[in-house]
Amino acid sequence: MNFKKLSVSLLAMAMLAGCGSSSASATASAASATDGSASKGSIDVLKMQFVPSRDAETILQGTSKLPELLKEQMAKRGYDIGDIEITVGAGSDYNVTGEALASGSVDVAWLPASTYANYSDDTTLALTATRDALSNDSEDPKTWNGEANATTRIAGEPVTYYRGLMYAGPSENGRKIAAKVEAGEEITWDDLNSCSWAVASTTSSSGYIFPTLWLMKNYDGKTLADLAHTTQLSYPQAFAQAAAETIDIVLCYADGRMDYEDDWTRPTTETDDSGNQGFGRSASIYDEMSVFAVTDPIYNDTVCLTKNPAAGHEVVATDDFLSAFQDAMIEIAGTDEGKEIISVYSHTGYLKGDPANYEDLKTGLETVAAANE
C-alpha cells in the first residue's frame, strides 16, 4: 500500500532508561510525564491516517502541526509518544483506510461515518466531528421551501449530525411533487416511480442510504433499487441536470442548495472564478428545488482507534488511552491553532462518540447491499 507520508521528528523529553522502546515492558514502565504524573505507557511511532477526501498534499500540509500538539497533550495525560506519522490513504477508496485501521497497520484514522459503520467490529469510535448548525432542522418539508426559508449556517453552534433532503426540481414531474407537498397531499409511490432520480454512490449517506431508509419506512419496504428511473450522478451533475429539467428528483445533504445557489441563476454562458458554469435559471433555487422529504439525522465523520493493534502498539487499544486521546483531541480542537488544523475536513470541533448514533447507518448499509445483490 502506497501512502504519502508526513513524519514528525521525536521531541526531546526526559524519560527513564528504556522508555523509548515499544516493547511490552517499556509500555508498562514508569516515566515522568510533563505534569509530573507516572507514565501510563509509551509508543515509538503512533500511526494516523486520513481518508483521501481532499488532495493528499492539502491534507498533509493542513495537519502538519497536529503531531506536536497531540504529543504534548498526550504527555500531559501520561503517554510518551516518540513520533507521530500521518499518512493519507492511497487512491480514492475510503475503505483502504478502513482496512488499514481494522488490521492494525495504522492506530488512528479519520473515517467518514459509512466507513466507520462498515469497519465498526474492528475499530473503536473515539470522536464524532462537529460542524456549524443550519438554520433549519425541521422534519417538515414545507418549512425548507421558498426564498423566505433559504438555508443559512449558524457559526459557533456545533452539531454532530445533519440531514439528507429529497428535492423535487423545476421539471413538470418535479413541480407535481412540489405542489402536493404545498397542498399537504399524499405523495404516492406511483408519483415517485414516474420521476427520474439523481442518486449518489450506494455508500453515500445523504445521497443513497438514508433516502433508502425513508422510502422503506413510508412505502412498505420499497427502496431506491425498486424505482424505475435512477441515474448515479455527482452532486454538481445532479443539480445541473435538475436545472436543465432532465432530472426530476435530486438526493443531497441539507445544505446542498447553499452550495449551488450562485450557479443556479448564473447564465450558462458564464463561469465563476473556479470555472463552474452557470445553470441558467431565473428563479431562486429555494423556489425551484423544493424539499419533499427529510431524512433522520445522519451523524458526522468520526475519529477511530484500532481494536487490533500491531505488536508494541497494544496500549492504543486500552480504555485509558481512548479516554486520554478523546480529551486531548477535544482540547486541541478548542484552540485557534487546532481549529485551523481540523478545518481541512470542515470540522469545527469534536465530541466523544457514541456508537449507538451510527446504528441506523449500519442498518442502511446492510439494506442497500441486500437490495443491490
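Q: Which residues of helix α10 are buried?
A: In α10 (residues 256-265), Gly256, Arg257, Tyr260, Asp263 and Trp264 are buried, where buried means under 20% relative accessible area with a 1.4 Å probe, protein chains only. Helices here are DSSP runs of H or I with at least four residues, strands are E runs of at least two, and both are numbered from the N terminus.

Q: Where do they sit around the α10 axis?
A: They span an arc of only 120 degrees, which puts them on the same side of α10; the arc is taken from the directions from the helix axis to the C-beta atoms.

Q: And what do they pack against?
A: The buried residues of α10 pack against β8, α9, β11, α11 (285-288) and β12, with contact meaning heavy atoms within 4.5 Å.

Q: Is this model something I should read with cut-offs in mind, and what are they?
A: This is a predicted model, where local features need pLDDT of at least 70 and side-chain atom pairs count only at pLDDT 80 or more, while totals for chains, interfaces and linings use all residues. Residues are numbered from 1 along each chain as its sequence is written, and side-chain values use heavy atoms, without hydrogens and water.

Q: OK, new topic: what's the strand order in the sheet?
A: The open sheet has 5 strands, ordered β10-β9-β11-β8-β12, with mixed pairing; two strands pair if DSSP finds at least two bridges between them.

Q: Why is one side of β10 and β12 left without a neighbour?
A: β10 (230-232) and β12 (290-294) stand at the edges and each has a single partner strand, so one side of each lacks a neighbour in the sheet.

Q: How many bridges join β9 to β10?
A: 3 bridges join β9 (residues 197-199) to β10, and the two run parallel. Trp197 has Thr230 as its bridge partner in β10.

Methods:
Buried < 20%, exposed > 50% of the residue type's maximum accessible area, 1.4 Å probe, protein only.
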